[in-house]
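Colleague: Before I plan anything at the bench, could we go through this model together, beginning with its overall build and ending with its charged side chains?

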Amino acid sequence: MQLSDFDFDLPETLIATRPARPRSSAKLLVAEGDKIHDRVVTDLLDWLRPGDRLVLNDTRVIPARLSGTRHRISAQGETEARIEVTLLEPRADGCWSGLVKPLKKIKEGEEVVFSPELSAVLEAKEDGQGVLRFNLTGEDFDTALNAAGAMPLPPYIAAKRAADEQDHEDYQTVWAKNTGAVAAPTASLHFDDELLKALREKGVTFSHVTLHVGAGTFLPVKVDDITNHKMHGEWGEVSDQAVAEIKATQEAGGRVIPVGTTALRLIETAARSGEIAPFKGVTDIFIYPGFTFHVADALMTNFHLPKSTLMMLVSALIGKDRIMDIYAHAIENQYRFFSYGDASLLIPDRSL
């Protein structure tokens with residue numbers, strides 16, 4: 001399989017820079033069997049059955065983009081430089097790894113001040129990234145970061161506008177709990193409390209898993225033969241409780257439907273033995289056509305970038321030719337693409 005097999009032309013006007021309001025009013029493309037239905041997200045009630053289980057990623061996005069100042073005293077007097085930091089992940093030693101721009105403007109041991117409360121010292125430079133030790137930890141760090149940081153909008157949105165206060169709400173799921181992601185599980189952004197309540201009343205059940213989505217999710221595939229692509233790693237956990245709930249749904253004949261590619265990748269990681277089991281650690285699973293699914297019966301997801309690993313994932317689930325037909329329909333019917341865009345519900349033939 002070649003990278004070009006997963007390419008398509010997308011009009012730039014279809015890239016969403018703000019979400020639909022209310023969240024659940026976004027358009028929903030339902031691909032069931034060989035048919036395509038144009039609906040809205042609240043119509044999930046028509047497609048989900050009592051006994052179906054939605055698997056939700058409960059990661060919480062941190063406001064990972066920071067802007068600060070580095071001061072330096074030299075023979076020429078005091079100088080300063082503006083330093084931009086995008087946090088990537090916490091390290092076992094208590095530091096954070098991050099993208100520091102411009103990295104050459106700061107030396108190891110120097111401090112960057114982001115706000116009166118929050119600062120960090122550059123401990124090291126590794127693989128083009130900075131290792132930062134902040135002056136605060138725990139809840140104090142979270143509070144100061146929430147005040148000083150901006151939400152890490154995807155590159156294709158950040159290129160069009162800066163993150164603002166509204167993104168603190170828009171780029172977070174209503175069930176976000178476990179802090180650690182630097183990108184949102186975006187299919188989940190379509191749910192609001194009213195829709196969740198209506199689904200529960202219908203008999204749809206929910207399980208929570210955690211996958212801390214990393215900046216690597218936006219890395220391009222650079223090899224022509226996709227089987228040579230090396231996936232980035234992300235930390236995740238599937239609890240004993242989630243495993244028991246998913247197994248109970250399977251045994252009762254209900255469908256297990258992850259909301260978002262992150263939830264799908266995690267539960268399939270936990271089921272590589274053929275049966276889902278508790279999992280805690282880093283996954284770098286790469287799902288492309290030919291993959292054997294053991295848990296996911298369908299998938300709710302947004303519309304993805306051309307030539308991305310996520311295009312390969314949805315192609316594996318529902319077929320490459322089928323997904324290209326679905327995307328052609330979405331473009332023709334003006335669906336909005338990417339993180340703040342519209343949604344699809346992909347139901348393979350085996351789930352009918």
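Colleague: How many helices and strands does the chain have?
Modeller: This is a predicted model, so what I give you is computed from predicted coordinates. Counted along the chain, the secondary structure comes to 9 helices and 17 strands.

Colleague: What is the radius of gyration of the chain, and what does the globule rule give for 352 residues?
Modeller: For 352 residues the globule rule gives 20 Å, and the value for this chain is close to that, so the chain is as compact as a globular protein of that length. Along its principal axes, the C-alpha trace spans about 75 × 40 × 40 Å. The radius of gyration itself is 21 Å, against the 20 Å of the rule.

Colleague: What percentage of the residues in the chain is buried?
Modeller: A residue is taken as buried when its relative accessible area is under 20%. The accessible surface of the chain is about 15,700 Å², with 48% of it belonging to carbon and sulfur atoms. Of the 352 residues, the buried ones make up 53%.

Colleague: Which share of the contacts with a separation of 6 or more comes from residues 24 or more positions apart?
Modeller: Taking the contacts in the chain with a separation of 6 or more, one can ask what part of them joins residues 24 or more positions apart. That part is 70%.

Colleague: How far apart do the centres of the positive and negative side chains lie?
Modeller: The chain carries 38 positive and 51 negative side chains, and the structure holds 21 salt bridges. The centres of the two charged sets lie apart by 2 Å.

Colleague: Which residue meets Arg91 in a salt bridge at 3.3 Å, N to O?
Modeller: Arg91 also meets Asp93 in a salt bridge, at 3.2 Å from N to O, and Arg91 is partly exposed at 29% relative accessible area, as is Asp93 at 39%. The partner at 3.3 Å lies in strand β9 (residues 119-126), whereas Arg91 sits in the loop between β6 (77-90) and β7 (96-101), 35 residues apart, so that the pair links distant parts of the chain. This partner, partly exposed with 36% relative accessibility, is Glu126.

Colleague: Are Arg161 and Asp167 buried or exposed, and which residues share their salt-bridge network?
Modeller: The closest N and O atoms of the salt bridge between Arg161 and Asp167 are 2.9 Å apart, and both of these residues are buried. Through salt bridges with shared partners, one network joins Arg161 and Asp167 with Arg18 and Asp164.

Terms used: Residues numbered from 1 in each chain as written. Predicted model: local features only at pLDDT ≥ 70, side-chain atom pairs only at ≥ 80, totals over all residues. Heavy atoms only, no water. Helix = DSSP H or I, 4+ residues; strand = E, 2+ residues; numbered from the N terminus. Rg over C-alpha atoms; globule rule 2.2 N^0.38 Å. Buried < 20%, exposed > 50% of the residue type's maximum accessible area, 1.4 Å probe, protein only. Contact = heavy atoms within 4.5 Å. Areas by Shrake-Rupley, 256 points an atom, 1.4 Å probe, with all protein chains shown as cover. Lys, Arg positive; Asp, Glu negative; His and termini not counted. Charge placed at Lys NZ, Arg CZ, Asp CG, Glu CD. Salt bridge = Lys/Arg side-chain N within 4 Å of Asp/Glu carboxyl O.
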